[in-house]
Amino acid sequence: MGQPRHKVVVVGGGTAGWMTAAAIATAIPSSLASVTLIESEAIGIIGVGEATLPHLKRFNDNLGIDEASFMKATSATFKLGIEFRNWGQQGDAYFHPFGDYGVENHGVDFHHFWRRLAHDPEVGAFSTYSVPVMAAAAGKFKHPETNGERLANSYGYAYQLDATRYAPFLRTLAEARGVTRIEGFVVDTRRHSETGDIMSVVLDDGRELEGTLFVDCSGFRGLLIEQALQSGYTNWQHWLPCDRAVAMPSEARGATAPYTQAIAEANGWRWRIPLQHRMGNGLVYSSQFMDADDATSCLLGAVSEPELATPRQLRFTTGKRTRMWHHNCVAIGLSGGFLEPLESTSIYLIQAAVEQLIAHFPLDDDYAAERESFNTLLDLEFTRVRDFLVLHYVATERDDTEFWRYMRHLDPPDSLRERMDLFCRSGHFNEYQQGLFLRPSWLAVMLGQRLVPEHYDVRVDAIDPGQLKQRLCELKARIQNAVQQMPDHDHYLRAFCQERAA
């Protein structure tokens, strides 16, 4: 049997490294690529990316992972979305669900029908027309029904998991599929004198490992993509000035919520992520407006459960590598870029890069076109996530602290400003094919933070208002009935993990 066409060398383990290695070993034939991963036990996993998006289920399914076994191994819980508190104004609360609102009618989106009668108290809040919103509020969950009534499959779900356990889980799978793991730390690189491509990496014990395609999963350090290749970094901190976080686990007490919380504080925001065995807590803040000691005190004062570890400080610079695939090196994970964890996008952005790398995997030595396509698509992913995150800040009405006054008067990116202006005027969106967050997500944040459009689609006026109100009230009642029949999240979670993964 001949040698594989490509020797893929993954530098760094953790979530990014093992997601990359496992996916390539599963999707790419061994005749085309071998995979070697270099990691050092001395470098710990950051492990605070505990909240995920629904796309992770597809990733796991593609690897052939049994869902219950995965959830048991990572102490995962189900997640229907994210609850936001104090973002529009202090005292506000809204929910970003993983699912639709209502149903469209003759090509007109549901929110236009609701907008016409939003003033009627019997019609009620927009959130009451979403199954995942109402289920989350009731602490309930069950898997969507693929064959059933429309409301039964109108939502998706994600996981809240222990990220320090996900990487070892994937390592076992990856090594069983042929990935070679090498213990060590990369201290140098050897580059081709003419092309500039990386030819090999040198480990701290003097060993040299050759490769044809290198994947940098070394974290913020960017050992290959930046220190060796100097790809450059596009800094977005002027739009997203939060550059620090302090994280701390606490005991899990009471009912386990099927959602993550993002609670706005005086100089940033705080997360709460319920796992089976503990609660994940953290505070994201800007060093321009708060120092580390005050941030730690704020977090400790807000967490009511007993602490399980000492608070840990993290630093980051929001942005992305100018070129995530540069020469023969692809940066995935923190080495490729970082956007603060407000919408749980960290693991998704790893997944997006891994899936695009597999889709663009080079068949020979001439892969310039694949590389350019990869970089274009990842630029779009990061840019559109950036815009969605900035929306949460600039759509605020808060002016109680210097931080919120700064964010409220921030000049957003042109792409976001155009999107906001169109929605606030007409209730419409400029749709795009590439990008993570779809219409329901934008609706959740915009309406949740009081950006209510002045007008609605004129086609709504073709329906008699009395008939429209009746339809809306009937739909709301059906949603309430569907949620009432769901089991409690804790009961469903225990039964699912114990019975299916026994």
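# A guided tour, starting at a strand pair

Select Gly268 and look across to S16, where its bridge partner is Tyr285. You are looking at a predicted model, and this pair is a good place to begin.

**Stop 1: strands S14, S15 and S16**

Now widen the selection to S15 and S16. Seven bridges join these two strands, which run antiparallel. Follow the chain from S15 into S16 and you will trace a hairpin with four residues between the strands.

Next, add strand S14, residues 260-265, which is joined to S15 by five antiparallel bridges. To find one of these pairings, select Ala264: its bridge partner in S15 is Trp269. The link from S14 to S15 is a hairpin too, made through two residues.

Is S15 mostly open to its surroundings or enclosed? Colour residues 268-274 by accessibility: seven of the seven are buried, so strand S15 is largely enclosed by the rest of the structure.

**Stop 2: across to S13 and S17**

Keep S16 (residues 279-285) on screen and add S13, for the two pair in the antiparallel sense over seven bridges. Click on Ser250, and you will find Met279 as its bridge partner in S16.

S13 also pairs with strand S17, residues 312-315, through four antiparallel bridges. Here, Ala247 stands opposite Arg312 of S17. Strand S13 covers residues 244-250, and six of its seven residues are buried, so this strand is largely enclosed as well.

**Stop 3: a separate look at three strands**

Select S12, S18 and S21. They make an open sheet of three strands in the order S12-S18-S21, with antiparallel pairing. The edge strands, S12 (233-235) and S21 (337-338), each pair on one side only. Between S12 and S18 (residues 319-321) there are three bridges; pick Thr234 to see its partner in S18, Lys320.

**Stop 4: Thr77**

Move to Thr77, in strand S3, residues 77-79. Its relative accessibility is 0%, which is why Thr77 counts as buried.

Which side chain makes a polar contact with that of Thr77? Show Gln160: the two side chains are joined by a polar contact of 2.8 Å. Then show Pro274, whose backbone oxygen lies 2.7 Å from a polar atom of the Thr77 side chain. Leaving out residues up to four places away in sequence, Thr77 also touches others, including Met71, Ala158, Thr256, His489 and Leu493.

**Stop 5: Val394**

Go on to helix H9, residues 368-394, and select Val394. With 11% relative accessibility, Val394 counts as buried. Try a distance between C-alpha atoms here: Val394 and Arg408 are 14 residues apart along the chain, yet the separation is 4.8 Å. Apart from neighbours within four places in sequence, the contacts of Val394 are Met407, Arg408, Leu410, Pro412, Leu416 and Met420.

**Stop 6: the second largest pocket**

Finish at an open space. The second largest pocket has a volume of about 350 Å³. To centre your view, select Pro54, His55, Phe98, Leu438 and Ser441, the closest to the pocket's centre of the 15 residues lining it.

Which elements supply at least two residues each to this lining? Highlight helix H2 (55-62), strand S5 (93-97) and helix H12 (439-448) to see them. Colouring by class, you will find eight nonpolar, five polar and two charged residues in the lining.

Technical notes:
Residues are numbered from 1 along each chain as its sequence is written. This is a predicted model: local features need pLDDT of at least 70, side-chain atom pairs count only at pLDDT 80 or more; totals for chains, interfaces and linings use all residues. Side-chain values use heavy atoms; hydrogens and water are left out. On a 1 Å grid over the protein atoms alone, a cavity is a set of points where a 1.4 Å probe fits but cannot get out, and a pocket is an open set with protein on both sides within 12 Å along at least five of seven lines; lining residues have an atom within 4 Å of a point. Grid points are joined across faces, edges and corners, and a volume is the space filled by probe spheres set on the points. Ala, Val, Leu, Ile, Met, Phe, Trp, Tyr, Cys and Pro count as nonpolar, Asp, Glu, Lys and Arg as charged, and the others, Gly among them, as polar. Buried means under 20% relative accessible area, exposed over 50%, partly exposed in between (1.4 Å probe, protein chains only). A polar contact is a pair of N or O atoms within 3.5 Å; within protein, one must be able to donate a hydrogen and the other to accept it, and residues adjacent in sequence count only if both atoms are side-chain atoms. Contact means heavy atoms within 4.5 Å. Two strands pair if DSSP finds at least two bridges between them.
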